[in-house]
Amino acid sequence: MTEAPALSEPTLTFAIERRTDPLPDEQREAVLANPGFGKTFTDHMVLATWTPGDGWHDARVTAYGPLTLEPSAAVLHYAQEIFEGMKAYRHADGSVWTFRPEQNAARFVRSARRLALPALPTEAFVESLRVLVDVDQAWVPGTEHGEASLYLRPFMFASEAFLGVRPAAKVTYSVIASPAGPYFSGGLKPVSIWVSSEYVRAAPGGTGAAKCGGNYAASLAAQVEASEHQCDQVVFLDGLEHKWVEELGGMNLFFVRRDGSIVTPELTGTILEGITRDSIVELAKELGHDVTERRISIDEWREGVASGDIAEVFACGTAAVVTPVGRLAWDGGEVVMNGGEVGAVTERIRSTLLDIQYGRTEDTHGWMHRLV
Ligand code: PLP
Ligand code: COI
């Protein structure tokens, strides 16, 4: 990934329409004490519109609430939609920060290109986060709530009312925000993974590297299959050979070998270029691990665990941070990693990352961006 470019002045100005009926303090505090994931939304949201003639316009922070869409809106038929997932972290001095936002902005542009949606300039993307978090800053959990955060969900979709199959000539951008505790309700406990042999998530030339809603819709049947086998998540294999480990439905994967070296599937154009993944590659090297990005087969995973060569496996992403994988199951067998316990390397990488995100350690990489 590239160095963070210096941000210039935002090209888009967001009008602020503060609602007069925000959630009362007491009720908001009750939500922050036990937020879960993605269940409650803050008082406001960002909206902006794009048309070919006017470009991005009508940008504003306004009351969170239902959107009005025509039933013929293109997104409802052809899924021309993309999104991002980020977090705002409260530091001990009360300031609020986000993590590598220019990387999410760049990925949003790449996803937009793949889905034939208009690019939103990096400065406008980062400004949209700043204005929303500024207006709803009371919703960013304080340090008394532990490692909670405000999850930010920028998204863009085809809002033109038109049934022809072509890129929409009216597009809506929005950001919503939701206080977040742990992504998995069990807290930091190893998750179990089901190997999907029937379904694939992505194929060469497809949309696997884009963060578009359709990828997630296509992963749900596999997720149901995983649940039927008492597993929390699915691991997808490559679409050509059904052999190479790609990623989970919403997380990238890392393998820690007995000798301390670390392997993560290389970016082949069919997996999401995770920003957590990229950061962990860097942090793990700094912690002294030899890190390789290469193809790893499902057999290497199964046999590596059985022989003891693979000591720990973890998944990572913005929502899930670093989550240990305790069990891998497939039609006909299973293996258990590290006795089903959280491994020491997983724990160390997780805390190294969280210490940066929560401002408990010096940000030597310049990854943190202050919002408020
Ligand atoms: N892979 C998929 C399919 C995802 O949805 C996500 C989550 O955003 C990730 C990987 C991890 O990406 P990031 O670390 O940028 O959140
Ligand atoms: C994230 O980690 O932010 C994601 O988008 C994953 C999932 C919630 C879809």
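Which side chain has an N or O atom 2.7 Å from an oxygen atom of ligand 1? That would be Lys-211. Keep in mind that this is a predicted model.

## Ligand 1: who is around

There are 17 residues around ligand 1, and the closest are Lys-211, Tyr-216, Glu-247, Thr-276 and Thr-318. Sorted by type, the shell gives you 6 nonpolar, 7 polar and 4 charged residues.

If you'd rather think in secondary structure, look at β11 (245-248), α6 (275-286) and β15 (310-317): each of them hands at least two residues to the shell around ligand 1.

## Ligand 1: polar contacts and burial

Besides Lys-211, whose side chain puts an N or O atom 2.7 Å from a ligand 1 oxygen, there's Arg-107. An N or O atom in the Arg-107 side chain is 2.8 Å from an oxygen atom of ligand 1. The backbone joins in too: Ile-275 has a backbone N or O atom 2.8 Å from an oxygen atom of this ligand. As for cover, ligand 1 on its own exposes 380 Å², and the protein buries 96% of that. Its home is the largest pocket.

## Ligand 2: who is around

Now for the other ligand. The residues surrounding ligand 2 are Phe-83, Gly-85, Tyr-151, Arg-153, Tyr-183, Lys-211, Tyr-216, Gly-250, Thr-318 and Ala-319. By type, they split into 5 nonpolar, 3 polar and 2 charged.

Both domains chip in here: domain 1 (15-182) and domain 2 (191-357) each provide at least three residues of the shell around ligand 2.

## Ligand 2: polar contacts and burial

Tyr-151 has a side-chain N or O atom 2.6 Å from an oxygen atom of ligand 2. Lys-211 turns up again, with a side-chain N or O atom 2.8 Å from a ligand 2 oxygen. Thr-318 works through its backbone, where a polar atom is 3.4 Å from an oxygen atom of ligand 2. Of the 280 Å² of accessible area that ligand 2 has on its own, the protein covers 88%.

## Where the two ligands meet up

Which pocket does ligand 2 take up? The largest one, and that's where ligand 1 sits as well. Lys-211, Tyr-216 and Thr-318 are among the residues closest to ligand 1, and these three also belong to the set surrounding ligand 2. Lys-211 is the one to click on if you want a side chain with polar contacts to ligand 1 and to ligand 2.

Note on methods:
Residues are numbered from 1 along each chain as its sequence is written. Chains are lettered from A and ligands numbered from 1 in the order in which they are written. This is a predicted model: local features need pLDDT of at least 70, side-chain atom pairs count only at pLDDT 80 or more; totals for chains, interfaces and linings use all residues. Side-chain values use heavy atoms; hydrogens and water are left out. A residue is near a molecule or strand if one of its heavy atoms lies within 4 Å of it. A polar contact is a pair of N or O atoms within 3.5 Å; within protein, one must be able to donate a hydrogen and the other to accept it, and residues adjacent in sequence count only if both atoms are side-chain atoms. Accessible areas come from the Shrake-Rupley method with a 1.4 Å probe; for residues, only the protein chains shown count as cover. On a 1 Å grid over the protein atoms alone, a cavity is a set of points where a 1.4 Å probe fits but cannot get out, and a pocket is an open set with protein on both sides within 12 Å along at least five of seven lines; lining residues have an atom within 4 Å of a point. A molecule sits in a cavity or pocket if more than half of its atoms lie within 2 Å of its grid points. Ala, Val, Leu, Ile, Met, Phe, Trp, Tyr, Cys and Pro count as nonpolar, Asp, Glu, Lys and Arg as charged, and the others, Gly among them, as polar. Domain bounds come from an automatic or database domain assignment. Helices (H or I, at least four residues) and strands (E, at least two) are DSSP runs, numbered from the N terminus.
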